[in-house]
Amino acid sequence: MENSEGGSDKITEIYENLRFELRRGSLILAVLAQLRTERYGYTLRKALAEDGLDIDESTLYPLLRRLETQGLLSSQWREEGKRNKRFYQLSDDGRQVLKLLLKEWRAINASLGKIVGEE
């Protein structure tokens, strides 16, 4: 059966699963990079969306908790605008890991550019 874009449901399902895997690693890198500047959840989501990476709250907050548990982020609750908000930012370990991940990402990106070529 074809979907509205002319592809089959099976192809759509495969595409969505692979797209999810591709985005997962990219979102980690994007979140770490955005948190070089301290932000709370809403402003982080907004900054990512403005740069073209939408992320659901149900994905973002577990990711933030996981990165904090790994010691890559630190957080603190503060009141801003009469509301308590949890602010996140990279820890020293997070800065080191981000630096290494960016180096790896640039190497992968350069290789993929050669492999798939420009379209």
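In this predicted model, I108 has a relative accessibility of 40% and is therefore classed as partly exposed, since that category covers values between the limits of 20% for buried and 50% for exposed residues. The residue is located in helix α4, which spans residues 92–116. Together with L112, I115 and V116, I108 forms a nonpolar patch on the surface. The combined accessible area of these four residues amounts to about 390 Å².

A search of the whole structure for aromatic pairs returned one. This pair consists of Y40 and F87, arranged edge-to-face, with a centre-to-centre distance of 5.3 Å and an angle of 75 degrees between the planes. The contact connects distant parts of the chain, as Y40 belongs to strand β1 (residues 39–40) and F87 to strand β3 (residues 83–90), with a separation of 47 residues. Y40 and F87 are both buried. F87 has a further neighbour in R78, which is placed over the face of the F87 ring at 4.0 Å from the ring centre.

Strand β3 also takes part in strand pairing. Strand β2 (residues 73–80) and β3 run antiparallel and are joined by eight bridges. Among the residues involved, W77 has R86 in β3 as its bridge partner. The two strands, β2 and β3, constitute a hairpin in which two residues lie between them. Within the turn, G81 adopts a positive phi of about 60 degrees.

Note on methods. Residues are numbered from 1 along each chain as its sequence is written. This is a predicted model: local features need pLDDT of at least 70, side-chain atom pairs count only at pLDDT 80 or more; totals for chains, interfaces and linings use all residues. Side-chain values use heavy atoms; hydrogens and water are left out. Patches are made of residues with over 30% relative accessible area and no salt bridge: like charges are joined within 9 Å, nonpolar side chains (Val, Leu, Ile, Met, Phe, Trp, Tyr) within 5 Å. Accessible areas come from the Shrake-Rupley method with a 1.4 Å probe; for residues, only the protein chains shown count as cover. A salt bridge is a side-chain nitrogen of Lys or Arg within 4 Å of a carboxyl oxygen of Asp or Glu. Helices (H or I, at least four residues) and strands (E, at least two) are DSSP runs, numbered from the N terminus. Buried means under 20% relative accessible area, exposed over 50%, partly exposed in between (1.4 Å probe, protein chains only). Rings of Phe, Tyr and Trp (its six-membered ring) pair if their centres lie within 6.5 Å; planes under 30 degrees apart count as stacked, over 60 as edge-to-face and the rest as tilted. A charge sits over a ring if NZ of Lys or CZ of Arg is within 6 Å of the ring centre and within 35 degrees of the ring normal. Two strands pair if DSSP finds at least two bridges between them.
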